[in-house]
Amino acid sequence: GQDSEPGSAREVLVAFEGCVTEQRDVLLGPYLRGWRGLIRFLNSLGAIFSFVSKDALAKIQIMERYCSGARRDEYRTLQSMVRYEVAHGLVDTQRRAEHPDSGCRTVLRLHRALRWLQLFLEGLRTSREDSKTSAICTDSYNASLARYHPWVIRKVATAAFCALPSRNAFLETMNVGGPDEAVAMLAEALPHICSVYGITEELYAQHELLDLP
Ligand code: 1PZ
């Protein structure tokens, strides 16, 4: 519920740490909790990003429905989800038709956004104090998510990035102390996001799911 959502960036990023099991399975519960925390953080940046958080939230809700539905056992991990949906023909591979909101295509959108997040946070972490958050954000967006978005979304997104606060102010909004503490926290937490991203990428590549419509 609302109260158990992570409140600071540390809790958000650490949620991704809890995603990966010893067998390198990705648990959907913590994955979606991490995402809920990211959305909450995004909302705190202002209404200008609500077109982003609405889309991400809709996808999280699709996944939460699977995870609490009649087939919840199949949706415990990304691996079991892929196995189940693929084996039962529940994934549209050519165009969205009978299964427009499969777990596989929905997670793929979040997965691509996670690549953006990884690049953005790494850029933020390694940037100089006078760097512009908007420039770091634009660079990481252009190097990842942008290629999946039509022109109009790219324009709206890039315009919204200009509203981002300065690097240090942004690091402060992460609620983990001053900019130095925030940077240290990012260094500690980024490997977990990378690992979730890498495992998912490999899983989707194996099943040829990386281009799902
Ligand atoms: C800190 C600044 C935050 C900037 C966020 C950067 C990402 C910009 C993405 C803008 C896209 C939003 C509009 C929705 C587009 C959808 O069409 C696509 C594809 O979904 P489909 O149409 O196929 O169902 N959706 C996405 O690509 C998912 C985007 C999720 C972005 C989540 C960002 C999380 C930010 C966390 C901030 C710390």
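**Figure 1. Arg 96 and its acidic partner, Asp 101.** Arg 96 comes out as partly exposed in this predicted model, because its relative accessibility is 42%. Its side chain meets that of Asp 101 in a salt bridge, with N and O 2.8 Å apart. Asp 101 is partly exposed too, at 32% relative accessibility. As a bit of background, side chains of opposite charge can pair when their charged atoms come close. A search through the whole structure turns up 7 salt bridges, and the next two views show a couple of others.

**Figure 2. A salt bridge from helix 3 to helix 2.** Here Glu 64 pairs with Arg 36, and the closest N and O atoms sit 2.8 Å apart. This one links distant parts of the chain: Glu 64 belongs to helix 3 (residues 50-68) and Arg 36 to helix 2 (residues 28-44), with their positions 28 residues apart. How accessible is Glu 64? Glu 64 has a relative accessible area of 25%, so call it partly exposed. Arg 36 lands in the partly exposed class as well, with 23%.

**Figure 3. A salt bridge inside helix 3.** Lys 59 and Asp 55 join their side chains at an N to O distance of 3.0 Å. The two are 4 residues apart in helix 3, which means about one helical turn separates them. Is Lys 59 buried or exposed? Lys 59 counts as buried, since its relative accessibility is 13% and the cut-off for buried is under 20%. Its partner Asp 55, by contrast, is partly exposed at 40%.

**Figure 4. Helix 4, tucked into its surroundings.** Of the 10 residues in helix 4 (residues 78-87), 7 are buried, so the helix is largely enclosed by the rest of the structure. The buried set is Leu 78, Gln 79, Ser 80, Met 81, Val 82, Tyr 84 and Glu 85. Which helices do these residues pack against? They pack against helix 2, helix 3, helix 5 (103-126) and helix 9 (179-206). Following helix 4 comes Gly 89, which has a positive phi, near 60 degrees.

**Figure 5. A nonpolar patch on the surface.** Six side chains make this one up: Phe 51, Val 52, Trp 151, Val 152, Ile 153 and Val 156, together offering about 530 Å² of accessible area. Helix 3 and helix 7 (151-161) each put in at least two residues, and helix 7 gives the most, with 4. Val 52 is on the helix 3 side of things. With 34% relative accessibility, Val 52 counts as partly exposed.

**Figure 6. Thr 133, packed away in helix 6.** Thr 133 sits in helix 6 (residues 133-142). It is buried, because its relative accessible area is just 1%. What does Thr 133 touch once its neighbours within four places in sequence are set aside? Its contacts are Phe 120, Leu 124, Leu 164, Pro 165, Ser 166, Arg 167 and Phe 170.

**Figure 7. Cysteines without a bond.** How many disulfides does the structure hold? The count is 0. Cys 67 is in none, and its nearest cysteine sulfur, on Cys 19, is 11 Å away. Cys 67 is partly exposed, given a relative accessibility of 23%. Cys 162 isn't in a disulfide either: the nearest cysteine sulfur belongs to Cys 137, at 9.6 Å. Cys 162 has a relative accessible area of 60%, so it counts as exposed.

**Figure 8. Arg 10 in helix 1.** Arg 10 is part of helix 1 (residues 9-17) and is partly exposed at 36% relative accessibility. Leaving out residues up to four places away in sequence, Arg 10 touches Val 176, Met 185 and Glu 188. For a sense of spacing, the C-alpha atoms of Arg 10 and Ser 80 are 28 Å apart, with the two residues 70 apart along the chain.

**Figure 9. The span annotated in UniProt.** An unreviewed UniProt entry places "domain: Glycolipid transfer protein" at residues 28-175. The C-alpha atoms at the two ends of this span lie 25 Å apart. What is its helix and strand content? The span is 66% helix and 0% strand.

Terms used. Residues numbered from 1 in each chain as written. Predicted model: local features only at pLDDT ≥ 70, side-chain atom pairs only at ≥ 80, totals over all residues. Heavy atoms only, no water. Salt bridge = Lys/Arg side-chain N within 4 Å of Asp/Glu carboxyl O. Buried < 20%, exposed > 50% of the residue type's maximum accessible area, 1.4 Å probe, protein only. Contact = heavy atoms within 4.5 Å. Disulfide = S-S within 2.5 Å. Patch = residues over 30% accessible without salt bridge, like charges linked within 9 Å, V, L, I, M, F, W, Y side chains within 5 Å. Areas by Shrake-Rupley, 256 points an atom, 1.4 Å probe, with all protein chains shown as cover. UniProt positions renumbered as here; feature names shortened; annotations may be inferred.
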